[in-house]
Amino acid sequence: MNTRYPFPTTLTSYIDGQWQPPGATLLPVINPATGQTIAQVAQADAQETAQAVEAARLAHERGQWAGLATADRQAVFRHIAELARRHGEELAWLETLNSGLPLRYVTHGQMPRVARNFEFFADWMSQNVEKAGTQDAAYLRYVVREPAGVAALISPWNAPLALASTKIAAALAFGNTCVVKTAETTPLAVSRFMELLTQAGVPAGVVNLVHGSGAVTGDALVRHPAVRVVSFTGGTETGRAIATAAGPGLKRVDLELGGKSANIVTASADLDLALDGALAGIYSNNGQQCFAGSRILLQRGIADQFVSRFVARARRIRVGDPMDARTDIGPLANAAHHRRVSAHVAAAVADGAELLTGGGCPAGCEAGYFIEPTAVLVPHNQLRVCQEEIFGPVAAIQVFDDFDQAIALANDSAFGLVSYLWTQNLNQAMAGAQRLQAGVVLTNTTMTLDTRFPFGGYKQSGVGREGIDGMRHFYTEEKTVTVALRPPPMERLGAGG
Ligand code: NAD
């Protein structure tokens, strides 16, 4: 079954435009729908990771990328986008095989985003100007932005290529070179993408890829002295470890971390729309999305009816082979994660939540890491199922009485990535946008990403923002140049009589 698009049986680092020979440590790459090993990935040790950083450093120093004319870099970006579209089916297939994300969702959701990442920056590159200060008659001051240098780009397994490509496009758009480390469990599509980057004209050494565990490869990458900035998407605990490792080198970090986002449905909501939104908010991408609306807060008057409609729909969601175009939900990404999510469901029930639906493995899916769409009704917000990120298809439903209480519940979280609000009351919509402590507030809609706007979290959901302004600050050094327009007033030391 793995032969539709061939891929190497051993995936290795891509350094300076070359696939490397495998080292001593090989990790299994598993198809989570079957539990079968489909390839292995060679872990880059500290030495090989340093080799990748050195290749990026040299490419940067020699101006192999930043030194190209903007029009040439634009052409490469457009070519990348075109290749990402042309090979979209293959990339989606590899991603699905390796991550268990439904092929339909990956093909129509994540893969177009890969191309759009490069198209966005191709347009932007020639439009960007910096500011000059002309108010002062004595001086002209202007700002130039220079690439930060070598960027470490570390990303997770829940949208491997979509997330890695966002970082690659941004790092390159601002003239940097980079070393990419995607999750060691999902290397297939990101590895294939390296070849497309080269084919599109990205010079050797500009984008390098290393594989391996966070503790070995990731840590070595973050600590390498030539790495100037670390862009990380992943779990909050890992974010903390990365910030700590980056601290001694005073490296800039961008941390896009976990969430426990509230999805507030008020009595004034368009309930059909809110129902679609609540289901998609928690169950799409196999429930593995940082912006999942995992705490569904329902106003008392509409709660009973909403819950019964939600449960009926959740039971009709098609769980199964992610390669099947009719499948809505595939398996969780790996065995350890499956055990974690299952343990969370058991803990919720032990803590006093009522299991409304799901929690088990769908019949016939026992070989893979499947879990049914699950919902629990919770008595209060302090349960672990309300406070800890589960990162699976598990909704915690709570009932509130008035709007103030809904806002308080939504904000009663260590996280602050996203808040969803469903209401047709304008005052509530505006008050919610003001009072919700989250980096992204979505009113009457599910998530839509737009690189022109910031994306990122309050509190434990992150530091920094992806989105054009945040990325510009993150990936560049700002330099203020001051030129005197006439002899400036200066002390004339030693010139006095
Ligand atoms: P993870 O933190 O375990 O791993 C992410 C990446 O970091 C992997 O490549 C991993 O190998 C690497 N890593 C782990 N330890 C490291 C270390 N000490 N040093 C350097 N690198 C290290 O995350 P995951 O389990 O793969 O992904 C799920 C998490 O990602 C969830 O918490 C989810 O909310 C979060 N996420 C956040 C966003 C966002 O934009 N905020 C988007 C997607 C996923």
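Student: What makes the shell around the ligand a matter of both domain 1 (10-257 + 461-481) and domain 2 (262-443)?

Tutor: Each of these two domains gives at least three residues to the shell around the ligand. Keep in mind that this is a predicted model.

Student: How do you know that Glu-184 makes a polar contact with the ligand?

Tutor: A polar contact needs a pair of N or O atoms within 3.5 Å. A polar side-chain atom of Glu-184 lies 2.8 Å from an oxygen atom of the ligand, so the pair qualifies. Trp-157 passes too, with an N or O atom of its side chain 2.9 Å from a ligand oxygen. For Ser-155, a polar backbone atom is 2.9 Å from an oxygen atom of the ligand.

Student: And how much of the ligand's accessible area does the protein cover?

Tutor: On its own the ligand has 850 Å² of accessible area, and the protein covers 87% of that.

Student: Why are Lys-181 and Leu-257 counted as near the ligand?

Tutor: Being near takes a heavy atom within 4 Å. Lys-181 and Leu-257 are among those that come nearest of the 27 residues around the ligand, so both count as near. By class, the shell has twelve nonpolar, ten polar and five charged residues. Helix 7 gives the largest share, three residues.

Student: Which residues are closest to the centre of the second largest pocket?

Tutor: That pocket holds about 260 Å³ of space. Of its 14 lining residues, Arg-73, Asn-128, Arg-145, Ala-173 and Phe-174 are closest to the centre.

Student: What makes Arg-73 a charged residue and Phe-174 a nonpolar one?

Tutor: Arg counts as charged and Phe as nonpolar. The whole lining divides into six nonpolar, four polar and four charged residues.

How values were computed: Residues are numbered from 1 along each chain as its sequence is written. This is a predicted model: local features need pLDDT of at least 70, side-chain atom pairs count only at pLDDT 80 or more; totals for chains, interfaces and linings use all residues. Side-chain values use heavy atoms; hydrogens and water are left out. On a 1 Å grid over the protein atoms alone, a cavity is a set of points where a 1.4 Å probe fits but cannot get out, and a pocket is an open set with protein on both sides within 12 Å along at least five of seven lines; lining residues have an atom within 4 Å of a point. Grid points are joined across faces, edges and corners, and a volume is the space filled by probe spheres set on the points. A polar contact is a pair of N or O atoms within 3.5 Å; within protein, one must be able to donate a hydrogen and the other to accept it, and residues adjacent in sequence count only if both atoms are side-chain atoms. Accessible areas come from the Shrake-Rupley method with a 1.4 Å probe; for residues, only the protein chains shown count as cover. Helices (H or I, at least four residues) and strands (E, at least two) are DSSP runs, numbered from the N terminus. Domain bounds come from an automatic or database domain assignment.
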